[in-house]
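Me: Please take a close look at one small part of this structure with me, and then follow it outward into the rest. I am new to this, and I would like the terms explained as they come up.

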Amino acid sequence: MSVQPSSTATQTSGLQRCEAEAAHYALLRRLAPVIRHNMAGTLQPIAMVAAMLERRLQKADTDPEALLRNARDIVALTKEAAASCVDLMSWLAPKEKRLITADAGIAECLGMVTTQLSFKGFSVVDNTGGPVVQLPQSALRNVLTSALIALTDAADAPGKVLIGAEFAQDVLSLHIDLKPHDTAEPVRAADKPPYRLLDWRDVQALAQQESVQLLHGKNRFTLQFEAAAAADSHARAETVQA
């Protein structure tokens, strides 16, 4: 019995979705310590101000204005923490069609991995120059972050991760290169082994899901983001600057 072309295409599409979901889950497992740490960091100031407020309430001669300031600080910090936690949770459930400027998106992704990579002896150098185009936030988060982790997971020794960017013909290209340090040394062992290593197939699955072109070579990734919104935003930004 022959398989119909439409049935084959459906099976292929389903397999690609499964691969992308598996890669996304693996990426989130690798980022979980950072997400957890950042959430705890946003809540810690609230606990500190609340403890201060509690101590003042226990004093009979406490200044009411000081109590009011503490209460207002708690309200403000709670709003900031709620917004930060909602944003962190969007890594798990991305908002569809949400755009972000490329420079802010790149900085966000680097902030999620730089500390962990530094523990393994890697340093990250951002040479993108702050591109002003807009890109889908989920594409940057999933593809750029997974590419950084996969590139360093495959390395035999720590090195410098260099990130460059160029915008031409409605395409923003991000070039990620791994250069060895002047003094070679083995990758430092982590306190706990990661959930699993990421490889270029994981990055490819996520790139395909996000409509990002991926070029992979030895110690090098090139990510190409094609978006009309990026070109339009680039033109508008140049007009404003002019």
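Reply: A close look at one loop

Let's begin with Q169, which has its place in the loop between β4 and β5. The structure is a predicted model, in which local features need pLDDT of at least 70, side-chain atom pairs count only at pLDDT 80 or more, and totals for chains, interfaces and linings use all residues. Residues are numbered from 1 along each chain as its sequence is written, and side-chain values use heavy atoms, with hydrogens and water left out. Names such as β4 come from DSSP runs, numbered from the N terminus: a helix is H or I with at least four residues, and a strand is E with at least two.

The backbone of Q169 is worth a look: phi is near 50 degrees, a positive value in a residue other than glycine. This happens in the hairpin of β4 and β5, which has two residues between the strands. D170 is found in that loop too, and phi of D170 is also positive, near 60 degrees. How open to the outside are these residues? Q169 is exposed, with a relative accessible area of 78%, while D170 is partly exposed at 43%. (Buried means under 20% relative accessible area, exposed over 50%, and partly exposed in between, using a 1.4 Å probe and protein chains only.)

Now walk from the loop into the strands. β4 and β5 run antiparallel and are joined by 10 bridges; two strands pair if DSSP finds at least two bridges between them. One example is E166, whose bridge partner in β5 is S173. β4 also pairs with β2, here in the parallel sense over five bridges, and V125 stands opposite L162 in β4.

Step back once more, and the hairpin becomes part of an open sheet of five strands in the order β2-β4-β5-β7-β6, with mixed pairing. Its edge strands are β2 (123-127) and β6 (212-217), each pairing on one side only. From one strand to the next, the twist averages 15 degrees. In a regular strand the side chains alternate between the two faces of the sheet.

Helices lie against this sheet. Helix α3 (residues 102-119) lies across β2, β4 (159-168) and β5 (171-180), and runs at about 170 degrees to β2. (Axes are lines fitted to C-alpha atoms, for helices over the stretch in contact, and angles run from 0 to 180 degrees between N-to-C directions.) At the other end of the strand order, β6 and β7 (residues 220-226) pair in the antiparallel sense over six bridges, with V212 opposite F225 in β7. Helix α5 (residues 200-209) packs on the sheet and touches β6 and β7, its direction making about 160 degrees with that of β6.

The buried residues of α5 are D202, V203, A205, L206 and A207. After α5 comes S211, with a positive phi near 60 degrees. Helix α5 also has a helical neighbour: α4 (residues 137-153) packs with α5 at an angle of about 170 degrees, their axes 9 Å apart. That makes α4 roughly antiparallel to α5 (under 35 degrees counts as roughly parallel, over 145 as roughly antiparallel, 65 to 115 as roughly perpendicular and the rest as oblique). N142, V143, S146, A147 and A150 of α4 meet V203, L206 and A207 of α5, where contact means heavy atoms within 4.5 Å. These contact residues divide into six nonpolar, two polar and no charged. (Ala, Val, Leu, Ile, Met, Phe, Trp, Tyr, Cys and Pro count as nonpolar, Asp, Glu, Lys and Arg as charged, and the others, Gly among them, as polar.)

Helix α4 also holds T152, which counts as buried at 2% relative accessibility. Not counting residues up to four places away in sequence, T152 touches L117, K120, F122 and V161. T152 and K120 are 32 residues apart in sequence and 9.1 Å apart in space, C-alpha to C-alpha.

One last stop: the structure holds one aromatic pair. Y25 and Y195 form this pair, edge-to-face, at 5.7 Å centre to centre and 85 degrees between the planes. Y25 lies in helix α1 (residues 5-57) and Y195 in the loop between β5 and α5, so the pair ties together parts that are 170 residues apart in sequence. (Rings of Phe, Tyr and Trp, the last by its six-membered ring, pair if their centres lie within 6.5 Å; planes under 30 degrees apart count as stacked, over 60 as edge-to-face and the rest as tilted.) Y25 is partly exposed at 44% relative accessibility, and Y195 is partly exposed at 39%.
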